[in-house]
Structures are given as C-alpha cells and as structure tokens.
Amino acid sequence: MTFAPKPLLLALSITLALAACQRAPAPVETAAAPEAPEVPKLSIDLGKVSQQPISLQLADIDTQVQACQDFNDFVNAKWLAANPVPGDRTVWGAFAALGERSLQVQHELAKAAAASTWPQGSMEQKVGDFFASGMDEPAIEAAGLAPLQPELDRIAAIQANADIPAYLGDAYARGQGMLFSFFSMADYKDSGTNIAYAVQGGLSLPERAYYLEDREDYQTARAAFLEHVAKVLTLGGADAESARAQARQVLDFETRLAKASLGRVEMRDPATRYNPVALADADASTPHFSWTAFFAALDVPAPASFSLATPGFFKEFDAMLADVPLEQWQTWLRFRAIDNAAPYLSQPFVQANYDFYRKTLGGQAELQERWKRVLGTLNGAMGEGFGQIYVAQAFPPESKAKMEALVQNLMQSLKGRLENLDWMSAETKTKALEKWASFTPKIGYPDKWRDWSGLSVARASYADNVMAAMAFNTRFNLDKIGKPVDRSEWGMSPQTVNAYYRSTANEIVFPAAILQPPFFDANADDALNYGGIGAVIGHEMLHGFDDQGSKFDAQGNMVNWWTEEDRAKFEAATTKLADQYSGYEALPGLFVNGRLGLGENIADLGGVTVAYDALKQAQGPGFTDPMIDGYSQDQRFFMNWSTVWRVAFTEAQLKQQITVGPHSPGMFRAIGPHSNLPAFAAAFGCKEGDKMVRPAADRVVIW
C-alpha cells in the first residue's frame with residue numbers, strides 16, 4: 001500500500017505567504033489595497049506527546065529463554081511482564097502503543113483546533129467544533145435521549161409490517177441502516193466500475209457462533225446480552241418488566257438472523273460475497289421487500305443488477321417481514337437505534353454501552369477517557385479530513401522517500417521469488433508476474449484529498465454532528481454506484497496505525513501513522529526496517545497472492561489465472577499452513593482457527609521471506625555485519641518482526657479474537673513464519689527437534 005503525499009497545510013500556508021509578498025505594485029494614483037487577513041495556522045508541540053513507540057531494545061531480551069524454543073518469549077515476554085494491558089484497553093503491545101501515540105498527537109491537534117476560530121467550512125473549524133461538541137458534557141447530559149427522539153418517533157409510526165421496508169429505505173438513506181450491510185464497491189468482475197452490494201448483518205454480538213453454540217463464554221454473553229438489552233430499553237423509557245420481555249424478543253430476532261447467516265470462514269471467499277442479480281430477480285427473491293423501491297428511497301438510479309450476497313440471509317429476512325409480529329420488529333428497531341447511538345448520548349447510555357461491549361465481551365477494566373472516545377468518533381466521521389491536519393504536523397517528508405525506496409526493493413525481491421518458484425508452471429508464472437507488475441503502492445496520505453465541503457459541523461450538539469456525518473458519508477458512498485472507480489481514493493486515514501491491500505485495485509497502502517518504530521525508523525539499521533515495515537510491505541504484497549487475493553488478476557478482476565495443477569499445489573501448501581496455526585493453543589482447550597486467519601498467515605510467511613531476501617540484496621556481496629548489541633543483522637531482522645507482534649490480551653478479548661479473526665493472535669504471528677524458515681534456524685543456531693524448527697515434512701514453502 002502506498003500513498004503519494006502533497007505539501008499539505010504547512011506548504012499551503014507558505015505558498016500563500018509567498019504569493020502575498022509578490023503582489024504587483026499599485027499605480028501611483030491608487031491607494032494600496034488593504035492587507036488580506038493572515039490565514040491562521042494550526043501548530044502543536046509534539047513534545048507534549050508522552051507515549052513513545054515501542055522498539056527493539058537489548059534490555060527487553062530475555063536471555064534466560066532459549067530463542068530456538070520460544071522465540072516470542074525470548075523477544076517479548078520480559079517487556080509484556082512489565083507492561084500489563086492498561087485498564088482502558090483490551091489489547092496492549094507494539095501496535096496499540098503506536099495507536100496510543102497517534103491518539104495523543106490527534107488530541108493535541110483537536111484541542112488546538114477547538115481553541116481557536118477558523119474560517120467557516122475549513123477542516124480546522126469542522127474538527128474543532130466536532131471535538132468541542134463531544135467534550136461538552138453538560139450539553140450532552142442535558143440533551144439525554146432527545147437527539148434520538150425523531151428516529152424513535154419514526155419507528156413508533158410504523159403501522160404495519162408492510163410499512164417496514166419504507167422505514168428501512170429512509171433509514172439507510174440517512175446512514176442509519178442496521179439490518180444488513182449495503183454499500184458501493186468495485187465490481188468483482190469489472191473492477192473499473194462501482195456496483196451496489198447487499199450483505200448479511202443485523203447481529204449485535206460479534207459473530208453468529210455467539211447465538212448458536214454452547215461454549216461457556218458464548219452462553220455467558222447471551223445471558224449478559226439479555227440484561228444489556230433490557231437496560232437499554234429501560235433507559236429508552238420502557239418499564240423494567242416490559243423491558244425484560246422485550247429483551248427476549250430481541251435475542252430471538254437476532255438468533256433467527258444468525259441461523260441464516262454464514263460464518264466468518266465462509267465469508268472470506270469473495271465468491272460468497274459476490275452474487276450479481278438483475279433487479280427484477282432480486283425483487284422476485286424477496287417478495288415482501290422491493291429492491292426497486294429501496295434504490296428509489298436511496299435516491300440511487302435503479303441499476304440493471306447488483307450483488308445480493310448471502311441469498312439465504314435475505315430469504316430469511318423476507319420471511320421475517322411476513323411472520324415476525326410488528327411489535328417485535330419495532331422493539332428490535334428501537335433497541336438497535338438506541339444501542340447504536342449510545343456512545344454519543346448522556347452518561348447512562350455510555351455506561352451501558354461500555355458495560356456490555358467493552359467490559360463483558362472484551363474484558364476492558366475501565367471506561368476510556370472522554371477525549372479518546374470522542375477522537376474515535378471523529379475519526380469515524382471524517383478521518384481523512386482530520387488526516388490533512390495530522391499529516392502536516394506529524395509526517396516528515398524523508399519518511400516517504402525512504403519508504404518508496406523500501407517498496408521498490410521489496411518489489412524486486414518478490415519478482416525474483418516469483419521467477420524462481422519451482423512448483424509453479426511457466427503459464428501461471430507469467431500471469432503472476434503480470435499481477436506483480438501492476439501493483440500500485442500508496443504511502444503516507446492521498447494525492448487528492450476528499451472534499452468535505454458538504455458536511456456542516458457545529459458545536460451545539462455532539463449527536464447531531466455524528467448523525468450528520470453518517471448521512472454525509474452514506475451519500476458519498478451511494479453516489480458512487482454505477483460510476484467509475486476512483487483509484488486515488490484511500491480506505492484508511494493517514495493517522496491509522498495499519499496497512500492494507502485492496503484486491504480490486506491491486507494496491508498496497510501504508511498510512512503515515514504506521515511509519516514509526518518498531519515498523520519504520522529512518523535512522524535505524526536496515527535489519528530493523530526490513531524486519532519491520534519491510535516485512536509489512538511484503539505482507540501486503542503477498543495478500544495479492546494469498547488464498548483469496550490470488551483469485552483476482554492484474555486488473556483487479558475475479559478471474560482464475562491459474563492452471564488446475566498449480567492451484568492444487570498451492571492449496572496443498574496453504575492447507576499445511578492452516579494446519580500449523582490450528583495447532584496453536586491460545587488458552588487451555590482453545591485453539592487458533594487456521595482457516596479463519598489463513599490469508600493473513602500466508603501474507604506473514606511470504607512477507608517475512610520476501611523482506612529477508614530484500615535485506616540480503618540491499619547488503620550486497622561485500623557486506624560487513626556491524627553486530628549491534630551483540631546480535632547479527634539476520635538476528636535483528638527476525639527479532640524486530642517478533643517485536644512488531646509484541647502483544648497481550650485480556651482473556652475475554654483473546655477469546656473473541658479467536659472467534660472473529662481474521663488475524664491470528666500476535667504471539668503466534670511472532671513465531672509462525674520463522675519456524676518455517678531455514679534462515680531463522682541458521683541465524684540462531686537452531687536444530688531439528690527445537691520447537692522453533694518445524695519438521696521437514698511439515699515445513700511450509702509457498703512464495
């Protein structure tokens with residue numbers, strides 16, 4: 001993933017200043033024009049940001065642990081023992097610490113924006129007013145449930161089941177859809193055009209298994225969910241006895257949806273998510289729900305076809321429109337409306353939301369401070385717009401230049417590996433290299449910023465700002481249906497600590513916030529950068545060749561470019577990798593689902609392999625190892641990859657991670673790739689029989 005930055009706000013202010021200095025002289029007989037008011041500049045002191053990134057430090061290495069037996073403990077256990085999960089989090093480690101640092105930078109920016117007066121409609125004004133409204137506790141407490149009352153009145157006004165589709169159409173048009181996912185995205189078979197996708201949804205619990213299986217924590221979650229629903233409905237005005245009865249109705253309603261839903265492993269397959277149907281056929285498949293009328297309600301021109309994925313779910317949804325009593329429908333709609341809005345309402349609603357979703361399901365010991373919660377909402381509402389301000393303050397240009405060089409080195413390394421694969425035929429290899437050649441990297445932030453001029457933000461009401469942003473972003477998404485794909489768009493904001501691969505664009509994207517230790521440090525030795533961001537670059541590239549990304553071609557279309565024999569060899573190797581991860585025991589009796597995390601694990605293995613090759617190429621034939629802190633460059637390469645995956649979970653969050661995925665828990669990502677690589681064994685002197693050396697028959701080699 002990459003992005004091409006621009007000079008942004010700081011450069012813009014410089015440009016304006018230069019332009020002001022170059023005004024043409026006024027004629028003698030005319031008075032000089034008055035000075036234009038100075039454009040205000042937002043600036044912050046990054047020295048106030050206390051959270052520092054985690055990086056590989058000699059003091060963190062536990063030399064009492066044998067690297068060849070438990071490499072994760074060797075690199076990470078000492079630090080993790082001294083740094084327990086903070087009370088306001090469910091996960092803590094390298095990613096989370098960098099996320100905390102990004103939040104602290106954002107906090108300084110948001111406070112500065114809120115403290116000054118900016119031109120109306122500027123991003124500084126929108127960010128400042130949004131943040132100020134979220135921090136205005138007296139106004140939020142005084143408003144109570146009032147901001148949501150118009151939505152509750154719409155639900156109460158539904159007179160019959162036949163009126164529910166009209167309500168849903170109106171709700172989805174305003175960004176309040178809650179029953180299924182509906183969005184625009186590139187057509188899997190024509191990646192240059194956006195089409196509409198409808199996909200299963202409607203569940204409050206993390207996954208269908210929570211409703212249907214009897215694992216102890218699932219049973220506990222269901223019981224707690226009943227209490228939570230009753231609490232929310234009571235806060236919404238129901239008496240306690242009615243709320244308890246209605247809670248059972250909500251659970252029964254969602255259990256029925258869960259039974260009709262597919263599991264996470266099945267939903268990984270793009271063919272499952274892609275089911276193009278003619279509009280008339282879609283209408284016929286759901287006789288109680290007109291998709292033609294739904295598109296009209298969304299103010300979207302009726303398409304010839306769209307993707308009605310998970311047809312079994314929509315068949316059940318249609319049946320529920322006919323046989324679920326209106327009262328139960330209204331109860332569920334009312335609960336979901338209040339529950340979804342709870343984080344933006346007064347304290348009793350916020351507390352109820354935290355108690356169930358964060359404390360019970362995730363094991364989070366305490367509610368996050370308000371400023372963190374408001375920033376989370378701000379990022380969801382206008383993350384890219386906020387990113388314009390973030391980048392101007394927190395992304396040095398030299399980081400982009402070095403990242404571009406790293407990407408090119410990784411590209412060449414991957415090309416070499418593809419050319420030399422001994423299990424792939426020349427026919428398939430030609431197609432693989434075509435795909436390699438079409439990778440588009442994006443680094444830091446977008447070349448073209450999204451236009452936010454249509455979003456109005458004021459300080460009067462936090463909830464109103466959130467709902468306005470939902471409607472604005474929904475309109476932005478819906479307006480793409482039937483139009484060409486804009487390949488310049490980004491799917492993450494610059495301040496997000498993450499990276500991604502998009503199969504329909506064959507692009508790899510690295511937001512600015514991830515370009516910090518332990519991933520990237522412009523002043524670090526090559527081993528750390530190749531073992532950090534280099535392996536992440538490789539990881540994202542290899543998503544294009546994982547078990548699902550490999551189903552898309554160089555143009556981003558879902559096309560089979562494999563020979564049958566090559567695909568069979570590939571799937572045999574990936575099955576072996578899935579089996580490897582399914583053997584990892586996260587908690588007593590609870591094992592990783594190797595099929596759920598397979599795409600990520602393929603990308604990890606390939607990413608580390610490609611990055612290691614790139615490191616060797618960068619070192620060249622005459623390289624002299626500097627032996628930093630007593631460790632070789634090879635050792636530091638593998639150590640930094642494991643530092644990246646330094647992580648601790650609350651027990652509840654770890655259980656949820658195992659179920660929901662798609663990533664295997666970090667402690668297994670820290671060791672999984674290495675145990676397949678002879679280069680790792682050689683670096684640390686590991687032998688056959690050591691836990692970090694997989695038996696030859698089980699060793700996985702793919703890319």
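About 50 Å³ of space lies in the second largest cavity of this predicted model. Nine names make up the wall: Leu56, Gln57, Leu58, Ile61, Ile628, Asp629, Tyr631, Arg636 and Met639. By class, six of these lining residues are nonpolar, one is polar and two are charged.

The structure holds two cavities of 30 Å³ or more. The largest cavity encloses about 60 Å³. Its lining consists of Val592, Asn593, Leu596, Gly597, Gln657, Ile658, Gly661, Pro662, His663, Ser664 and Pro665. No charged residue belongs to the lining of the largest cavity, which has five nonpolar and six polar residues.

Next comes an open space. The second largest pocket has a volume of about 1,300 Å³. Its lining counts 48 residues, and Asn473, Phe476, Asn477, Lys480 and Glu489 lie nearest the centre. Four elements each give two or more residues to this lining: β2 (181-187), β3 (190-199), α18 (370-394) and α21 (462-478). The table sets out the lining classes.

| Space | Nonpolar | Polar | Charged |
|---|---|---|---|
| Second largest pocket | 19 residues | 16 residues | 13 residues |
| Largest cavity | five residues | six residues | no residues |
| Second largest cavity | six residues | one residue | two residues |

Two of the elements lining the pocket, β2 and β3, are strands that also pair with each other. Their pairing is antiparallel and runs over seven bridges. The two strands form a hairpin, with two residues between them. Within the pair, Met185 stands opposite Ile195 of β3.

A second set of strands forms an open sheet. Its three strands run in the order β6-β8-β7, and the pairing is mixed. Which strands stand at the edges? They are β6 (440-444) and β7 (500-502). Each has a single partner strand, so one side of each is left without a neighbour in the sheet. From one strand to the next, the twist averages 20 degrees.

Strand β6 pairs with β8 (residues 507-511) in the parallel sense, over five bridges. Pro441 stands opposite Ile508 in β8. Helix α19 (residues 397-419) packs on this sheet and touches both β6 and β8. The direction of α19 makes about 155 degrees with that of β6. Strands of a sheet pair through backbone hydrogen bonds, either parallel or antiparallel.

The last topic is a helix pair. Helix α3 (residues 94-115) packs against helix α4 (residues 123-135). Their axes are 7 Å apart and meet at an angle of about 100 degrees. Angles of 65 to 115 degrees count as roughly perpendicular, and α3 is therefore roughly perpendicular to α4.

Which residues make the contact between α3 and α4? From α3 come His107, Ala110, Lys111, Ala113 and Ala114. From α4 come Glu124, Val127, Gly128, Phe131 and Ala132. The residues of this contact divide into six nonpolar, two polar and two charged.

Notes: Residues are numbered from 1 along each chain as its sequence is written. This is a predicted model: local features need pLDDT of at least 70, side-chain atom pairs count only at pLDDT 80 or more; totals for chains, interfaces and linings use all residues. Side-chain values use heavy atoms; hydrogens and water are left out. On a 1 Å grid over the protein atoms alone, a cavity is a set of points where a 1.4 Å probe fits but cannot get out, and a pocket is an open set with protein on both sides within 12 Å along at least five of seven lines; lining residues have an atom within 4 Å of a point. Grid points are joined across faces, edges and corners, and a volume is the space filled by probe spheres set on the points. Ala, Val, Leu, Ile, Met, Phe, Trp, Tyr, Cys and Pro count as nonpolar, Asp, Glu, Lys and Arg as charged, and the others, Gly among them, as polar. Two strands pair if DSSP finds at least two bridges between them. Axes are lines fitted to C-alpha atoms, for helices over the stretch in contact, and angles run from 0 to 180 degrees between N-to-C directions. Contact means heavy atoms within 4.5 Å. Angles under 35 degrees count as roughly parallel, over 145 as roughly antiparallel, 65 to 115 as roughly perpendicular and the rest as oblique.
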